[in-house]
Amino acid sequence: MREGRNLDGQVAGTGGAGCDDACLLARIVAGDRRAFEQLYRAYFPRLGRFLGRMVRSVPLVEEVINDTMLVVWQKAASYDGSCKVSTWIFAIAYRKALKGLRGSDEPVESDTDLYQAGPELEPDHLLEGRQLRQVLERALAQLPLAQRVVMVLTYDHEMGYAEIADVVGCPVNTVKTRMFHARHKLKELLASQKEDYS
């Protein structure tokens, strides 16, 4: 059964009788490897989508996810409940990705399809969907990293500004400013790409 989340952030299909992320983390603190595996499986696609747009290198994405989840395993007891578990995990991933970017030579284009979850598309919609995704990915890739991260966390992960501010470690007003500029720039980029295809 594929794991998903309900509106309260609970992991569905974990066999933990509605055990949410905080419950899984508490079990991880107690050394429960099954709880860690469940949390890892739940977060791998989410972190993959986020990081794939940040670092654009599949091997680096996988390395950052593994490094992030290793921190979760080793430092689960340090989670203080001041934010959602997802915010805590994404903040770890964000910092690990920034460190990975500083250490890498050159970003490689990502295969974002590796991290797309969901049912298979019908053949007649597949090409159209892929072309649209490629146009959007190209436009997003041209945004400055700080703006791209805000867009991805907002639209792909449905985080609010306060949660994003916790993830990236900046004031909420800075997140709002980045979003404003990102939307404006993205609109310009998409308009210019549309003209290129006309």
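The legends below describe an overview and several close-up views of a predicted model.

**Figure 1. Overall fold of the predicted protein model.**
The protein contains 8 helices and 2 strands. Read from the N terminus, the order of its elements is β-β-α-α-α-α-α-α-α-α. The chain has 198 residues, and 38% of them are buried. Of the contacts with a separation of 6 or more, 66% join residues 24 or more positions apart. The accessible surface is about 11500 Å², and carbon and sulfur atoms account for 52% of that area.

**Figure 2. Confidence along the chain, with the two stretches at pLDDT below 50 that are described here.**
Mean pLDDT for the protein is 79, with 73% of residues at 70 or more. Among the elements, helix H1 (residues 21-29) has the highest mean pLDDT, 95, and strand E2 (residues 11-12) has the lowest, 40. Residues 1-17 have pLDDT below 50; in the model this stretch makes 31 contacts beyond near neighbours in sequence. The pLDDT is also below 50 over residues 106-126, a stretch with 26 contacts beyond near neighbours in sequence.

**Figure 3. Close-up of Asp-21 in helix H1.**
Asp-21 has a relative accessibility of 7% and therefore counts as buried, the cut-off being under 20%. The side chain of Asp-21 makes a polar contact with the side chain of Tyr-43, at 2.5 Å. Helix H1, which holds Asp-21, spans residues 21-29 and is the element with the highest mean pLDDT.

**Figure 4. Close-up of Thr-68 and its contacts.**
Thr-68 is part of helix H3, which covers residues 58-75. Thr-68 counts as buried because its relative accessibility is 0%. With neighbours within four places in sequence left aside, the residues in contact with Thr-68 are Leu-47, Ile-89, Ile-92, Ala-93 and Lys-96.

**Figure 5. Close-up of helix H7 and the glycine after it.**
Helix H7 runs over residues 161-168. Its buried residues include Glu-163, Ile-164, Ala-165, Val-167 and Val-168. In an α-helix, residues three or four places apart point the same way, because there are 3.6 residues a turn. Gly-169 follows H7 and has a positive phi, near 70°.

Methods:
Residues are numbered from 1 along each chain as its sequence is written. This is a predicted model: local features need pLDDT of at least 70, side-chain atom pairs count only at pLDDT 80 or more; totals for chains, interfaces and linings use all residues. Side-chain values use heavy atoms; hydrogens and water are left out. Helices (H or I, at least four residues) and strands (E, at least two) are DSSP runs, numbered from the N terminus. Buried means under 20% relative accessible area, exposed over 50%, partly exposed in between (1.4 Å probe, protein chains only). Contact means heavy atoms within 4.5 Å. Accessible areas come from the Shrake-Rupley method with a 1.4 Å probe; for residues, only the protein chains shown count as cover. pLDDT is the predictor's confidence in each residue, from 0 to 100. A polar contact is a pair of N or O atoms within 3.5 Å; within protein, one must be able to donate a hydrogen and the other to accept it, and residues adjacent in sequence count only if both atoms are side-chain atoms.
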